[in-house]
Amino acid sequence: MQTRVAVMSIIVENPETIGTLNALLHEYGEYIIGRMGIPYKTRNINIISILKTETIIIMNIFLGQLKNMDLMHLRLMKFMMLHYQKKN
C-alpha cells in the first residue's frame with residue numbers, strides 16, 4: 001500500500017491537554033518523521049508542527065483519534081497531504 005507524506009499543524013490553547021496529545025503522538029511515533037513544538041507565551045498557546053509518512057488508512061485512524069480526544073481547545077489548523085512517488 002502506498003504511503004503519503006503529510007504536514008500537520010496543531011494549535012493547542014489549553015496547556016492541560018498537551019499530555020494527552022503527546023501520548024497520542026508517541027503512539028504514532030513510528031510514522032512521525034519530525035516534530036517541532038513552539039510555545040507562544042504571549043498568546044498562551046502551543047504550536048506543534050508534524051511531518052508524517054503513513055498509509056491513508058493509518059492517517060485517517062490517527063485523525064479520528066485526534067478528533068475524538070474531546071479536547072475542546074485543540075484545533076487542527078491545517079492538514080495537507082502530499083502524494084510522494086519515487087522517480088525511477
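## Working through a predicted fold

Ser9 is partly exposed, with a relative accessible area of 23%. Keep that residue in mind while you work; the model is a predicted one.

**Exercise A: the layout**

Work out how many helices and strands the protein has, and in what pattern they follow along the sequence.

Solution.
- Start by counting elements: the secondary structure comes to two helices and four strands.
- Next, walk along the sequence, and you get the pattern β-α-β-β-α-β.
- Then look at burial across the protein: of its 88 residues, 30% are buried.
- Finally, check the contacts: among those between residues at least 6 apart in sequence, 70% join residues at least 24 apart.

**Exercise B: strand partners of β3**

Find which strands pair with β3, in what sense, and over how many bridges.

Solution.
- Take β2 to begin with. Strand β2 covers residues 32–40 and strand β3 covers residues 45–55. They pair in the antiparallel sense, over eight bridges.
- Pin down the register with two pairs. Pro39 has Asn46 of β3 as its bridge partner, and Gly34 has Leu51 of β3.
- Now turn to β1, which spans residues 3–12. The pairing of β1 with β3 is also antiparallel, over ten bridges. Here Arg4 stands opposite Glu54 in β3.
- Put together, β3 pairs with β2 and with β1.

**Exercise C: the turn between β2 and β3**

Say which residue in the hairpin of β2 and β3 takes a positive phi, and decide whether that residue is buried or exposed.

Solution.
- Look at the connection: the hairpin has four residues between the strands.
- Go through the backbone angles there, and Asn44 turns up with a positive phi near 60°. That's a positive value in a residue other than glycine.
- Place the residue: Asn44 sits in the loop between β2 and β3.
- Check accessibility. Asn44 has a relative accessible area of 54%, and the cut-off for exposed is over 50%, so Asn44 counts as exposed.

**Exercise D: three residues at the β1 end of things**

Classify Ser9, Val12 and Glu13 as buried, partly exposed or exposed, and give a residue far along the sequence whose C-alpha distance to each is known.

Solution.
- Ser9 lies in strand β1. Its 23% falls between the 20% and 50% cut-offs, so Ser9 is partly exposed. Ile47 is 38 residues away in sequence, yet the C-alpha distance from Ser9 to Ile47 is 7.1 Å.
- Val12 is in strand β1 too. At 1% relative accessibility it falls under the 20% cut-off, so Val12 counts as buried. Val12 and Ile48 are 36 residues apart along the chain, with 7.9 Å between their C-alpha atoms.
- Glu13 belongs to the loop between β1 and α1. With a relative accessible area of 28%, Glu13 is partly exposed. Its C-alpha is 8.9 Å from that of Ile47, and 34 residues separate the two in sequence.

**Exercise E: the helix pair**

Describe how α1 and α2 pack: give the angle, the axis separation, the sense and the handedness of the crossing, and name the residues that make the contact.

Solution.
- Locate the helices: α1 is residues 18–27 and α2 is residues 56–67.
- Take the geometry: the angle is about 165° and the axes lie 11 Å apart.
- Translate the angle into a sense. Anything over 145 degrees counts as roughly antiparallel, so α1 is roughly antiparallel to α2.
- Add the handedness: α1 passes α2 in a right-handed crossing.
- List the contact residues. From α1 come Leu21, Leu24, Leu25 and Glu27, while α2 supplies Phe62, Gln65 and Leu66.
- Sort them by class: five nonpolar, one polar and one charged.
- Zoom in on one residue, Leu21, found in helix α1. At 1% relative accessibility, Leu21 counts as buried. From Leu21 to Leu66 the C-alpha separation is 7.9 Å, across 45 residues of chain.

Key. Residues numbered from 1 in each chain as written. Predicted model: local features only at pLDDT ≥ 70, side-chain atom pairs only at ≥ 80, totals over all residues. Heavy atoms only, no water. Axes fitted to C-alpha atoms, helices over the stretch in contact; angles between N-to-C directions. Parallel < 35°, antiparallel > 145°, perpendicular 65-115°, else oblique. Left-handed = near helix turned anticlockwise from the far one by under 90°. Contact = heavy atoms within 4.5 Å. Nonpolar A, V, L, I, M, F, W, Y, C, P; charged D, E, K, R; others polar. Pairing = 2+ DSSP bridges. Buried < 20%, exposed > 50% of the residue type's maximum accessible area, 1.4 Å probe, protein only.
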